[in-house]
Amino acid sequence: MTNDKELVRLAYEAQKNAYCPYSHWAVGAALLTADGRIYTGCNIENNTFTPSVCAERVAFFKAVSEGVKEFTAIAIVGNAVGTPIGEGDVCPPCGVCRQVMTEFCSADFRIVLGRSYDDFETYTLAQLMPKMSLPLDK
Ligand code: THU
């Protein structure tokens, strides 16, 4: 059983692969599936900007592309490149990523925002996406 602290650690591991030569803002995510698997993601930017994708969506789309569509929690960490762990702040998901979460997750999906390996805040999707419209089967 993966706890939040371990999920945050895995998000920091994924952050090391962030490709962010334009924003210099590195993000990592670790997505926990209902059956205990973990998919990680980092942000991947592009010189024409619009193809850039957030760490959270990389993790979700890796999972969905492998047929996994039930999720329990995601840990997210993000900071300017070079910021020592613990000296930055939490990195809440952007609106587009929150919308993607509503497609695959229920209102009680947990979003763990890391500030360091053992300092994090936890929110539900409903808290970060109030009045969200859920897919019809949720
Ligand atoms: N970014 C993420 O990957 N996730 C977030 O939650 C916030 C923003 C990325 C997008 C872009 O590559 C960089 O961080 C700066 O916005």
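Here is a walk through this predicted model, from its sheet and helices to its cores, aromatic rings, cysteines and a few loop residues.

Let's start with the sheet. Five strands make up an open sheet, and reading across it the order is β2-β1-β3-β4-β5, with mixed pairing. The edges belong to β2 (38-42) and β5 (119-124), each of which pairs on one side only. Going from one strand to the next, the twist averages 20 degrees.

Now take the two ends of that order in turn. At one end, β1 and β2 run antiparallel and are joined by 5 bridges. A29 has G41 in β2 as its bridge partner, which gives you a handy register mark. The hairpin of β1 and β2 has 4 residues between the strands, and there G36 takes a positive phi near 90 degrees. At the other end, β4 and β5 also pair in the antiparallel sense, over 6 bridges. Here the residue to find is I111, which stands opposite Y123 in β5.

Two helices are worth placing against the sheet. Helix α1 (residues 4-15) packs on it and touches β1, β2, β3, β4 and β5, with a direction about 50 degrees from that of β3. Helix α2 packs on the sheet too, touching β1, β2 and β3, and its direction makes about 140 degrees with that of β2.

What fills the interior? As a rule, nonpolar side chains in soluble globular proteins tend to be buried together. In this model the largest nonpolar core has 25 residues, and the members that touch the most others are F60, F71, I74, M101, F109 and I111. Two or more residues each come from β1 (25-33), α2 (55-65), β3 (71-80), α3 (95-104), β4 (110-116) and α4 (125-128). Of these, α2 gives the largest share, with 4 residues. There is also a second, separate core of 11 residues, with A30, L32, V77 and V112 among them.

For a close look at the larger of these cores, center your view on M101. Setting aside residues up to four places away in sequence, M101 touches E56, F60, I74, I76, P93, F109, I111 and L125. Among those contacts, F60, I74, F109 and I111 are also on the list of core residues that touch the most other members.

Next, the rings. The structure has 6 aromatic pairs. One of them joins F71 and F104 edge-to-face, at 6.5 Å centre to centre and with 90 degrees between the planes. That pair links distant parts of the chain, as F71 sits in strand β3 and F104 in helix α3, 33 residues apart. Both F71 and F104 are buried. Follow the ring pairs onward and you get a cluster made of F60, F71, F104 and F109.

How many disulfides does the whole structure hold? A search finds 0. C42 has its closest cysteine sulfur in C20, but the two sulfurs are 8.6 Å apart, so they are too far for a bond. C91 is in no disulfide either: its nearest cysteine sulfur, that of C54, is 8.3 Å away. C42 is buried at 10% relative accessibility, and C91 is buried as well, with a relative accessible area of 11%.

Finally, a few loop residues. Most residues other than glycine have a negative phi. Against that background, H24 is one to check, with a positive phi near 55 degrees. H24 lies in the loop between α1 and β1, and its 46% relative accessibility makes it partly exposed. F49 is another residue other than glycine with a positive phi, near 65 degrees. You'll find F49 in the loop between β2 and α2, where it counts as exposed because its relative accessibility is 55%, over the 50% cut-off.

Y22 brings those two loops together. Y22 itself lies in the loop between α1 and β1 and is partly exposed, at 37% relative accessibility. Leaving out neighbours within four places in sequence, Y22 is in contact with E45, N46, N47 and F49. Look back to L10, by contrast, and you find it 12 residues from Y22 in sequence and 24 Å away in space, C-alpha to C-alpha.

Technical notes
Residues numbered from 1 in each chain as written. Predicted model: local features only at pLDDT ≥ 70, side-chain atom pairs only at ≥ 80, totals over all residues. Heavy atoms only, no water. Core = buried A, V, L, I, M, F, W, Y, C linked by side-chain atoms within 4.5 Å. Buried < 20%, exposed > 50% of the residue type's maximum accessible area, 1.4 Å probe, protein only. Contact = heavy atoms within 4.5 Å. Disulfide = S-S within 2.5 Å. Phe/Tyr/Trp six-rings, centres within 6.5 Å; stacked < 30°, edge-to-face > 60°. Pairing = 2+ DSSP bridges. Axes fitted to C-alpha atoms, helices over the stretch in contact; angles between N-to-C directions.
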